[in-house]
Amino acid sequence: MSIVAVETGYWEMRATSVRAVSAELDRLWNAATSKAATGDGVIVTEKGAPSARTSVLNLIVTVHDRAASDHVLETLLSLGSRHPSRAIVLQADPEATGDALDARIGTHCRDGENGNGAICFEQLALDVRGETARHLDGIVAPLVIHDLPTDVWWPGAPPFGDPVFDQLLEIGDRLVVNSTDFVDLTEGLRRLTGIRRRSGVGDLAWERLAPWQELTAQFFDAPRFRRYLPNLSRLAIRYAVPVNGGAGPPSPEAAAVLYAGWIATRLAWKRARPRDAAATGGRRWELEGRYEMVDVAMEPVATSELPPGELLSVRLRAYGETGSAEFIVDRPAAEAIIVTNADGMTAQLRRIPVQPESEAEVLRRQLVLDRRDMLYEDALRAAAILLMARDAAA
């Protein structure tokens, strides 16, 4: 059953003020509750079920233009029923002539599950220009709900070291990025390792790796395969890039290097040394495993079957007492093919459906986290070391 959001109030004003925005937001809610008040902030809908203002966090988002603002608002609207928030979407232009603040406010309600009332949330889109755009903390701080956690979602490449970025980061408990959008992936990952927030850093590129991590771990659930783990000698990762140099994110290799960092930290691989990968146009390193030197290779593959940045395959190879073993996950399109060749046995093969997840779904899983993700932080540091080792040798 589809859940439909109903816009319960809307206000738009040019050349306004933070005080006016805050007052209008309160007015929109008061107007709703005055229709059929039953308590503090609760109304009765036409079906008789209560409706409540139910934000569970503040979400601050920065964008570059009106189109990006509308896209973010649409994405957040689809999250509203399962993860309602007070979303503040900022479009800032400090180079514009004159100071100005334009605002759009929308309040929305959706039917709750099993007819249990409605879930209501709010969205604020603020266009800030001139000198005011250099002090966004002064715009945001009065508008957040102060007893709720605050996440800062920064689509695109964060301007590390920029005063405005630092201001918003100081307000937030957690920073959410997509490292696939980083223009300089090495520098971006390195800077992320130095960010310390109460709930850490979230990365949509990392979040998309969850099914790959689960499938990889399942290989070694069986004790007869687990013994190959210390003897892994090769990791090969293939990832999607646009066909014929078409449009795509600046760093489609982000998820691949984070996956390599995850494996390296789980198996205590150390001392990365870059190796030549000119033949594939990718990247390659040699690391010290527990008993073997490990060859780690990443290869871009031009395809239109999957979005740029998605992993296409992972292959792990090891040597054991009874010979070599290979563990493979291939994802040609909408399904994953899982293959195991080990112990001299015929390959075991199974197929499972795997569909690319929407930005909203991936973002939702990141927003529910209220603590640091230590697995990600370990993988992030390892990925940054891999990239820095390669760049140092270039």
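The paragraphs below go through a helix and the loop after it, then the aromatic pairs, the salt bridges and the cavities.

This is a predicted model, in which local features need pLDDT of at least 70, side-chain atom pairs count only at pLDDT 80 or more, and totals for chains, interfaces and linings use all residues. Residues are numbered from 1 along each chain as its sequence is written, and side-chain values use heavy atoms, with hydrogens and water left out.

Helices and strands here are DSSP runs numbered from the N terminus (helices H or I, at least four residues; strands E, at least two). Helix H9 covers 254-266. The expected span of a helix is 1.5 Å times one less than its number of residues. For the 13 residues of H9 that gives 18 Å, which agrees with the 18 Å between its end C-alpha atoms. Burial is judged by relative accessible area, with buried under 20%, exposed over 50% and partly exposed in between (1.4 Å probe, protein chains only). H9 is largely enclosed by the rest of the structure, because 11 of its 13 residues are buried. Among them are Tyr259 and Trp262, along with Ala254, Val257, Leu258 and Ile263.

The chain then enters the loop between H9 and strand S13 (270-275), where Ala268 lies. Most residues other than glycine have a negative phi. Ala268, just after H9, takes a positive phi of about 60°. Ala268 counts as partly exposed because its relative accessibility is 45%. Arg271 also has a positive phi, near 50°, and is found in strand S13. With a relative accessible area of 54%, Arg271 is exposed.

Next come the aromatic rings. Rings of Phe, Tyr and Trp (its six-membered ring) pair if their centres lie within 6.5 Å; planes under 30 degrees apart count as stacked, over 60 as edge-to-face and the rest as tilted. The count by this rule is 10 aromatic pairs. One of them joins Trp154 and Phe165 edge-to-face, with 5.1 Å from centre to centre and 75° between the planes. This pair links distant parts of the chain, 11 residues apart: Trp154 is in the loop between strand S9 (150-153) and helix H4 (163-171), and Phe165 is in H4. Both Trp154 and Phe165 are buried. Phe165 also pairs with Phe160; the ring centres are 5.5 Å apart and the planes at 75°, so this pair too is edge-to-face. The relative accessible area of Phe165 is 3%. Elsewhere, one aromatic cluster is formed by Phe219, Phe220, Phe225, Tyr228 and Phe327.

Charged side chains make further contacts. A salt bridge is a side-chain nitrogen of Lys or Arg within 4 Å of a carboxyl oxygen of Asp or Glu. The structure has 30 salt bridges by this rule. In one, Arg14 meets Asp102 at 3.3 Å, N to O. The two residues are 88 residues apart, Arg14 in the loop between strand S1 (5-13) and helix H1 (18-33) and Asp102 in strand S7 (residues 100-111). Arg14 is exposed, at 61% relative accessible area, whereas Asp102 is buried, at 8%.

Strand S7 also holds Arg104, which bridges to Asp70 in helix H2 (residues 66-77), so the pair ties together parts that are 34 residues apart in sequence. The closest N and O atoms of this pair are 3.2 Å apart. Arg104 counts as buried at 13% relative accessibility, and Asp70 is partly exposed at 35%. Salt bridges that share partners join Glu207, Glu357, Glu361, Arg364 and Arg365 into one network. Another bridge joins Arg129 and Asp127 at 3.2 Å, N to O, and both of these residues are buried.

Last come the enclosed spaces. On a 1 Å grid over the protein atoms alone, a cavity is a set of points where a 1.4 Å probe fits but cannot get out; lining residues have an atom within 4 Å of a point. A volume is the space filled by probe spheres set on the points, which are joined across faces, edges and corners. The structure holds three cavities of 30 Å³ or more, and the largest has a volume of about 70 Å³. Helices H5 (185-193) and H11 (374-393) each supply at least two residues of its lining. The largest share, three residues, comes from H11. Lining residues of this cavity include Leu192, Thr193, Glu377, Leu380 and Arg381.

Key: 1 Å grid on protein atoms, 1.4 Å probe; cavity = no way out; pocket = protein on both sides within 12 Å on 5 of 7 lines; lining within 4 Å.
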